[in-house]
Amino acid sequence: GTAVVDAAAAALGSDVAEAVGEVRRLRTESADAPWRHGTFWTPQRVVWATIAVLAVPLVTVLLTVFDVGLPVALTAAITTGAAVLTPMLRSAANFREAQRVEVEKALTKVEGALAKRQQAASKATTDAEELARNAAKELSEATATAEAARAAGVDVERIAAGLTPAGVLADRLAERRASDDYRKRLGIVSTVADDLEKLSSLIADYNASVFAGEHPPGERPGDVPPNRIVLYIDDLDRCPPKRVVEVLEAVNLLLAFPLFVVVVAVDTRWLTSALAEAMPTLKTDGGPLGHAPTPTDYVEKIFQIPFWIDPLDETGRHRLLRGLLMPSVRPAEGGAPPPRQEALRVGAGEFDTVDRMVAVRGAGLDLDARDLTITPDEFSFIEGLNPLLTGTPREVKRFVNVCKLLLAMSPPLEGGTEPTTERKAACFLAALSQARPTFAARLAAAATAAPS
């Protein structure tokens, strides 16, 4: 009983044990009379049993009261009791049939559970046998490989020593480094970085060999690589903010190699503004607590040595003016003429171009190409405008270019030694327009409206 159920639970599982216990209980109950089970006695059956028990004496007593003979009364009472007991007997038969059906269901459940367990056990046995066969096969192959290695003279102990975690990791890293699975997915920046690294390494090796005296001094120039590459970047303050950041990123990449030296000439005001606009995380004022990154912090990580160019003083502007204007000064009377550059040679193709331009645009073209010359008096006058040119070398050069254009264009302006010639007035207005543009515009308007 209990021992068998416990053994079944241990061997086959709790679900099979519960099914076996249920069958045992149902079989025990079905072996007894139905009225010996508590589940048989429903309220309806209790009523019918009570009526059947009391029907015989009650009918006998009643018939006797009505002067019916005792034999007849007993017969009638027994007949009445039998009629009452008939539903009870039918109910007992139905109860027994229900018990039989439950026993069959429980047996079917046990058989299904046992079949499922048997199938699982059979599959587990098959898998275990297959695993054992595979293990035996692998062991046989490993043994054959080891025997072949010994026959070929391979140091098996050295190979086994390489199967440590460190050795396996090193082999894996070497394998991934040799593979191009990752490399073919890298972008152009990674490719450029690899090329620059190889170039820097090659030139470093060459420089080391030169210092070691391994290269003769008579090498052909075409065979000698550069010892260092110096890159100059100008006009960065004329680029949009996005391009400024791209150039700085490229400079940062180049400076990672000793081969390169990068010199950048830029207006720091434009650089700061461009970085703040292109990278909103950079704060020009360092934030409320002064801890936020600034464009200066960004630039300091790229440029190692800053040189701050002082503004031009009056002496510097004077030297720059003289250097730009001296080639155009007309010599004094009786002096030697300045050296002339070779004239521009114009061929048939250029003449054809000019003819087509005249046909389309009209004949208002100045075909008289003249050299720009200024007199010593005009040169002194322009030098006297130096105090108005309080700017950068670029502004001074722009002023000189404007003066040259005004003095060379047609129709030619009136010159002379007088202090108020048209040529001197044009140079004065050019300097004034650069230094005080609003005042220069008002002065030009007043001069245009003047009667003479």
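**Helix packing and the largest pocket in a predicted model**

Helices H11, H14 and H15 are among the elements that cover the buried residues of H13. In this predicted model, those buried residues of H13 are Glu 378, Phe 379, Ile 382 and Glu 383. Viewed along the axis of H13, they fall within an arc of 140°, so they line one face of the helix. An α-helix has 3.6 residues a turn, so residues three or four places apart point the same way.

Helix H14 offers a companion view of this packing. Its buried residues are Val 396, Phe 399, Val 400, Cys 403 and Leu 407. Down the axis of H14 these residues fall within an arc of 95°, so they too line one face of their helix. Their cover includes helix H11 (314-325), helix H13 (376-384) and helix H15 (422-435). The length of H14 can be checked as well: at 1.5 Å a residue, its 16 residues should span 22 Å, and the 23 Å between its end C-alpha atoms agrees with this.

We can now step back to the chain that holds these helices. The protein chain has 16 helices and 2 strands. Of its 452 residues, 22% are buried. Among contacts with a separation of 6 or more, 67% join residues 24 or more positions apart.

Helix H14 returns in the description of the largest pocket, where H14 (393-408), strand E2 (260-264), helix H9 (268-278) and helix H10 (295-300) each contribute at least two lining residues. The largest share of that lining, 5 residues, belongs to E2. Rolling a probe the size of a water molecule over the atoms shows where empty space is left. For the largest pocket, this space amounts to about 1,500 Å³. A total of 35 residues line the pocket, and Ala 265, Val 266, Asp 267, Thr 268 and Phe 307 lie nearest its centre. By residue class, the lining comprises 22 nonpolar, 6 polar and 7 charged residues.

A final local feature concerns the backbone at Asp 235. This residue sits in the loop between strand E1 (229-233) and helix H8 (241-254). Its phi is near 60°, a positive value in a residue other than glycine. With a relative accessible area of 26%, Asp 235 is partly exposed; the cut-off for a buried residue is under 20% and that for an exposed one is over 50%, so the value for Asp 235 lies in between.

Key: Residues numbered from 1 in each chain as written. Predicted model: local features only at pLDDT ≥ 70, side-chain atom pairs only at ≥ 80, totals over all residues. Heavy atoms only, no water. 1 Å grid on protein atoms, 1.4 Å probe; cavity = no way out; pocket = protein on both sides within 12 Å on 5 of 7 lines; lining within 4 Å. Points joined across faces, edges and corners; volume = space filled by probe spheres on them. Helix = DSSP H or I, 4+ residues; strand = E, 2+ residues; numbered from the N terminus. Nonpolar A, V, L, I, M, F, W, Y, C, P; charged D, E, K, R; others polar. Expected span 1.5 Å × (residues − 1). Buried < 20%, exposed > 50% of the residue type's maximum accessible area, 1.4 Å probe, protein only. Arc of directions from axis to C-beta. Contact = heavy atoms within 4.5 Å.
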